[in-house]
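The following exercises accompany the structure shown below. Each sets a task and then works through a solution step by step.

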Amino acid sequence: MKGNLLINLGSPKQLTIESVKEYLTEFLSDDLVIDFPKPIQWLLVKGLIVPLRHRKTFESYEKVWTDEGSPLIAISKKLGQRVQEETGIKTEVGMRYMDPSIKQALDNLIDHGCKEIRVLPLYPQYTGSSSLTSINKVKTLKKDLNNESINYLYKESFYDDPNYIKNLSESILGKLPNNIDYLLFSYHGLPIRQDIQFKPSYSSQCKKTSELVAKKLGLSGNQWGVSFQSRLGPGWTRPFTDKVLSDLPNEGKKNLAVVSPAFYVDNLETLEEISIEGKKTFMDSGGEEFTYIDCLNDSDFGVNVISSLLEKMD
C-alpha cells in the first residue's frame, strides 16, 4: 500500500509570544538554516535574533492569523486532504518545525499499513534550508523507526516541471489585471554561500521558473523581473524585493503584480511581507496599483500539480 507525505516549513502552534519564540528557536537552530559552528549559531539565535525579532514576528503573525490558526498549516492540511481525494492514496502533511510533525505524519502512514511512502517537500526550488533539511529529517526518522520493509521515495525539486509551469502560469493568468506594467517574481532569499552550494544554484532555479512562466504568459523581457525577499542580513541573494518595490514606480512601472513561486502555500512571507508590507512600500514610492497573486495553495491548479508529481514518483 502506498502513502504520500507532503512537507512544509511550519509555524508557531499558537498566536502567543512564547509560541513564536519556540518556533523561531527550533527553526533557526537547524544547521542547514544557520550554517555556522554550533557556538556561533547558539549565540546568534538565542542571544541576538530571537530576542530582537520575536516581538516583531509575533506582530506580523497577528496580521495574518485566522480562525483556523496559521494560514500555512490550515491551507497545507486542506491541500493534503484534496490530494488524498484526488489520488485515492493516504496522504499526510508534516511540518519540518513544530506541529503537525513529520514523525506524526509518518506514524499515521505506517499505522495505516503503507509500505511505500512518497515524500514531497512543498518547495519547487531545491535548497539545503528547505528541501534537503526536510528530506534529511525523514531519513533520520526512518532510522529511528527501524522499519526496513518500508520503501521511501523522495522528490527533491520541481522548479521546471512542465505540468507545474503550466498550472502556475494558468493560475497567474487568471488573476493578472489587464493593465499591469510589470510582473515581479519574488522568491525567498538565501545567503549567497548557500545559494551556490548546489548545482544548479537556487537563484538560477528561481530564474528558470520565472523565464518559463513569463514565456507561457507571453511577457517580454521588460515586463517581468526576479527579486529575493526575507533577508536576515548582508550577503544575501539580490536584488532585494523591498528595494525593487521602491524603485519600480520611478522606472514607470506603476501598476504591479507580484507572485511568490518559492512558496507553494501562502504564509507569513507572502500574506504579510508581500501583500501588506510590500504593497505599502510600492504605493508609498509612487505606485498606483498593486496586485498580490496568491500561491497555488489547495486550488484545482495546486492539487493537479502535486497529484501529478506524486504519480511520476512511481
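**Exercise 1. The surroundings of one residue**

Which residues does Phe-185 touch, not counting residues up to four places away in sequence?

Solution. The model examined here is predicted. Begin with location: Phe-185 belongs to strand E5. Next, list the contacts: Phe-185 touches Ile-172, Ser-210, Val-213, Ala-214, Trp-224, Gly-225, Val-226, Ser-227, Val-259 and Pro-261, with residues up to four places away in sequence not counted. Then consider accessibility: the cut-off for a buried residue is under 20% relative accessible area, and Phe-185 has 0% relative accessibility, so it counts as buried. Finally, consider a distance: Phe-185 and Lys-207 are 22 residues apart along the chain, and 8.8 Å separates their C-alpha atoms.

**Exercise 2. The sheet around strand E5**

Determine the strand order of the open sheet of four strands, and state which strands stand at the edges.

Solution. The order is E6-E5-E7-E8, and the pairing is parallel. Strand E6 (224–229) and strand E8 (289–293) each have a single partner strand, so each has one side without a neighbour in the sheet; these two stand at the edges. From one strand to the next, the twist averages 25 degrees.

The pairings of E5 may now be taken in turn. Strand E5, residues 182–188, is joined to E6 by six bridges. Among the partners across this pairing, Ser-186 is matched with Ser-227 of E6, and His-188 with Gln-229 of E6. Four bridges, also in the parallel sense, pair E5 with E7; here the bridge partner of Leu-183 is Ala-257 in E7.

The last step concerns burial and packing. Six of the seven residues of E5 are buried, so the strand is largely enclosed by the rest of the structure. Helix H11 (residues 273–284) lies across E5, E6, strand E7 (255–259) and E8, and runs at about 160 degrees to E8.

**Exercise 3. The nonpolar cores**

Identify the residues with the most contacts inside the largest nonpolar core, and describe the contacts of Leu-183.

Solution. The largest nonpolar core has 75 residues, and those with the most contacts inside it are Ile-172, Leu-183 and Ile-306. Turning to Leu-183, its contacts beyond four places in sequence include Ile-172, Leu-176, Leu-217 and Leu-219, together with Trp-224, Val-258 and Ile-293. Apart from the largest core lies another, of 13 residues, with Leu-5, Ile-7, Ile-102 and Ala-105 among them.

**Exercise 4. Two helix pairs**

At what angle do helix H4 and helix H5 pack, and at roughly what angle do helix H3 and helix H12 cross?

Solution. Consider H4 (residues 102–111) and H5 (residues 128–145) to begin with: they pack at an angle of about 55 degrees, and their axes are 10 Å apart. The two helices are therefore oblique to each other, and H4 passes H5 in a right-handed crossing. On H4 the contact is made by Ile-102, Lys-103, Leu-106, Asp-107 and Ile-110, and on H5 by Ser-134, Lys-137, Val-138, Leu-141 and Leu-145.

Now consider H3 (residues 71–87) and H12 (residues 300–312): their axes come within 9 Å and cross at roughly 60 degrees. H3 and H12 are therefore oblique to each other, and their crossing is right-handed. The residues in contact include Leu-79, Arg-82 and Val-83 of H3, and Val-303, Ile-306 and Leu-310 of H12.

Terms used: Residues are numbered from 1 along each chain as its sequence is written. This is a predicted model: local features need pLDDT of at least 70, side-chain atom pairs count only at pLDDT 80 or more; totals for chains, interfaces and linings use all residues. Side-chain values use heavy atoms; hydrogens and water are left out. Two strands pair if DSSP finds at least two bridges between them. Axes are lines fitted to C-alpha atoms, for helices over the stretch in contact, and angles run from 0 to 180 degrees between N-to-C directions. Contact means heavy atoms within 4.5 Å. Buried means under 20% relative accessible area, exposed over 50%, partly exposed in between (1.4 Å probe, protein chains only). A nonpolar core is a set of buried Ala, Val, Leu, Ile, Met, Phe, Trp, Tyr and Cys residues joined through side-chain atoms within 4.5 Å. Angles under 35 degrees count as roughly parallel, over 145 as roughly antiparallel, 65 to 115 as roughly perpendicular and the rest as oblique. A crossing is left-handed if the near helix is turned anticlockwise from the far one by less than a right angle, and right-handed if clockwise.
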